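Let's take a walk through this model together, stopping at a few places worth a closer look. Have the viewer open and follow along.

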Amino acid sequence: STHKQNHRELGQMSAFWWKVGAISGGLSVAIGAFGAHGLQARLLNGKTSLDSNDQRLLKNFETGAQYQLIHSLAIMLASTGSLASQSITETNVKNLMKWGKSSPFVNVSAASFFAGMILFSGSLYAIALTQNRKYGAVAPVGGTFLMLGWITLAFTRGKRVLRF
């Protein structure tokens with residue numbers, strides 16, 4: 001039936017973003033571990049301690065990993081917005097479908113978080129790995145996408161956000 005097909009399409013997009021968030025979260029843990037061990041060893045490169053520039057590079061890398069982890073979870077949270085606050089009835093699915101195959105806010109929020117992570121965290125990783133600060137020019141664009149993700153996240157649910 002159309003109801004089942006619509007519900008399946010909503011679930012597929014939510015499942016896609018859930019998987020993107022989960023994989024990105026796992027990668028952020030691996031990237032953070034590399035920063036704590038591999039990058040620090042690379043920056044030391046025979047020195048007995050990190051100088052202030054090396055410490056700043058390491059901190060940039062750690063910040064990138066933290067933001068990636070936080071926003072991986074945010075993608076997963078956004079992915080639940082289509083259906084989580086709704087009971088699955090034909091009426092509710094039809095109301096959700098008025099936005100198309102899934103709520104555009106779910107997709108905009110999740111995609112904004114993803115783009116923001118790539119640009120923001122990616123620029124911090126690039127700065128730390130290349131020691132070239134020119135990659136920092138991309139960070140504000142990434143930060144803007146992250147903010148857009150949080151703002152649109154507010155609209156991924158209906159009027160009743162919390163249901164206990």
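Which residue's side chain meets that of Lys 47 in a salt bridge at 2.4 Å, N to O? The partner is Asp 54. Please keep in mind as we go that this is a predicted model.

Let's stay with Lys 47 for a moment. Its side chain also meets that of Asp 51 in a salt bridge, with an N to O distance of 3.9 Å. For a salt bridge the cut-off is 4 Å, so the contact at 3.9 Å lies within that limit. The structure holds two salt bridges, and Lys 47, Asp 51 and Asp 54 are linked by such contacts in a network.

How do the members of this network sit with respect to the surface? Lys 47 is partly exposed, because its relative accessible area is 38% and the partly exposed class runs between 20% and 50%. Asp 51 also counts as partly exposed, at 38% relative accessibility. Asp 54, on the other hand, has a relative accessibility of 4% and therefore counts as buried, the cut-off for that class being under 20%.

Now please turn to helix α4, which covers residues 104-130. This helix has 27 residues and reaches 37 Å from its first C-alpha to its last, close to the 39 Å expected at 1.5 Å a residue. Just after α4 comes Gln 131, whose phi is positive, near 60°.

Two residues in α4 are good places to pause. One of them is Gly 122, which is partly exposed because its relative accessible area is 28%. Try finding Gln 68 from there: Gly 122 and Gln 68 are 54 residues apart in sequence, and their C-alpha atoms are 9.0 Å apart in space.

The other is Val 108, also found in helix α4. At 36% relative accessibility, Val 108 counts as partly exposed. A residue needs over 30% relative accessible area to be part of a patch, so Val 108, at 36%, passes that cut-off.

Which residues make the nonpolar surface patch with Val 108? They are Val 141, Phe 145 and Leu 148, and the patch has an area of about 280 Å². Its largest share, three residues, comes from helix α5, residues 139-153. Some helix geometry is handy here: an α-helix has 3.6 residues a turn, so residues three or four places apart point the same way. With that in mind, look along α5 and pick out Val 141, Phe 145 and Leu 148 in the patch.

Notes
Residues are numbered from 1 along each chain as its sequence is written. This is a predicted model: local features need pLDDT of at least 70, side-chain atom pairs count only at pLDDT 80 or more; totals for chains, interfaces and linings use all residues. Side-chain values use heavy atoms; hydrogens and water are left out. Helices (H or I, at least four residues) and strands (E, at least two) are DSSP runs, numbered from the N terminus. The expected span of a helix is 1.5 Å times one less than its number of residues. Patches are made of residues with over 30% relative accessible area and no salt bridge: like charges are joined within 9 Å, nonpolar side chains (Val, Leu, Ile, Met, Phe, Trp, Tyr) within 5 Å. Accessible areas come from the Shrake-Rupley method with a 1.4 Å probe; for residues, only the protein chains shown count as cover. Buried means under 20% relative accessible area, exposed over 50%, partly exposed in between (1.4 Å probe, protein chains only).
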